[in-house]
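Hi,

Here is the structure I said I'd pass along. Have a look at it first, and then read on for what turned up.

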Amino acid sequence: MSRILLLEDDLSIISGLSFALKKQGFEIEIARTIKEAEECWRKGRYHLLILDVSLPDGSGFDFCQTVRKESEVPIIFLTASDEEMNIIMGLDIGGDDYITKPFKLGVLLSRVNALLRRAKNIEKKRYRTRFKWNQN
């Protein structure tokens, strides 16, 4: 079961997304602030992060940069900020996808599945490469 950290402060989005993601078989952990997300990140291991940009105590961009210092976990920005510079910055600092609100739930779920599939394939290749290297 894939674990997803959702960093979002809008309760209606949290409710709808967590319901839809759980229905798809994902385990969801919710953080509503950067501080909560940092605590979750220290405690847990996640397969994917979904980050809002504008939060009460900072920016999802800052949290992304913190995560990127130690992990290649897939990151999707899900935000109302649709300015070109924000999209470019989100992708340039390490985001794998950038989806603007309002969004289509089916499209978001497909992108989540695509990123998880790609991450799983990369991990399998790394494992096979390490295994082959250790055999020599």
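To start: is leucine 5 buried or exposed? Leucine 5 is buried, with a relative accessible area of 0%. Bear in mind that this is a predicted model, so everything below is computed from it.

Leucine 5 sits in strand 1, and its list of neighbours takes in several parts of the chain. Leaving out residues up to four places away in sequence, leucine 5 touches Glu29, Ala31, Ala37, Cys40, Tyr46, Leu48, Leu49, Ile50 and Phe63. Leucine 51 is worth a look too: its C-alpha atom is 8.2 Å from that of leucine 5, though the two are 46 residues apart along the chain.

Just ahead of that, in the segment before strand 1, you'll find serine 2. Serine 2 also counts as buried, at a relative accessible area of 19%; the cut-off for buried is under 20%. Serine 2 touches Phe26, Glu27, His47 and Leu116, again not counting residues up to four places away in sequence.

Now to helix 2. Its buried residues are Ile34, Ala37, Cys40 and Trp41. Looking down the axis of helix 2, those buried residues fall within an arc of 120°, so they line one face of the helix. On the face turned away from that buried side are the exposed residues Lys35, Arg42 and Lys43. As for what covers the buried residues of helix 2, the cover includes strand 1 (3-7), strand 2 (27-31), strand 3 (48-51), strand 4 (54-55), strand 5 (58-59) and helix 3.

That last partner deserves its own paragraph. Two packed helices are described by the angle between their axes and the distance between the axes. Here, helix 2 (residues 34-43) packs with helix 3 (residues 60-68) at an angle of about 20°, and their axes are 10 Å apart. Angles under 35 degrees count as roughly parallel, and that makes helix 2 roughly parallel to helix 3. Their crossing is right-handed.

Which residues meet there? From helix 2 come Ile34, Ala37, Glu38 and Trp41, and from helix 3 come Gly60, Phe63 and Val67. By class, this contact has five nonpolar residues, one polar and one charged.

If you open the model, try Ala37 as a way in: Ala37 is one of the buried residues of helix 2, one of those that meet helix 3, and among the residues that leucine 5 touches.

Cheers

Conventions. Residues numbered from 1 in each chain as written. Predicted model: local features only at pLDDT ≥ 70, side-chain atom pairs only at ≥ 80, totals over all residues. Heavy atoms only, no water. Axes fitted to C-alpha atoms, helices over the stretch in contact; angles between N-to-C directions. Helix = DSSP H or I, 4+ residues; strand = E, 2+ residues; numbered from the N terminus. Parallel < 35°, antiparallel > 145°, perpendicular 65-115°, else oblique. Left-handed = near helix turned anticlockwise from the far one by under 90°. Contact = heavy atoms within 4.5 Å. Nonpolar A, V, L, I, M, F, W, Y, C, P; charged D, E, K, R; others polar. Buried < 20%, exposed > 50% of the residue type's maximum accessible area, 1.4 Å probe, protein only. Arc of directions from axis to C-beta.
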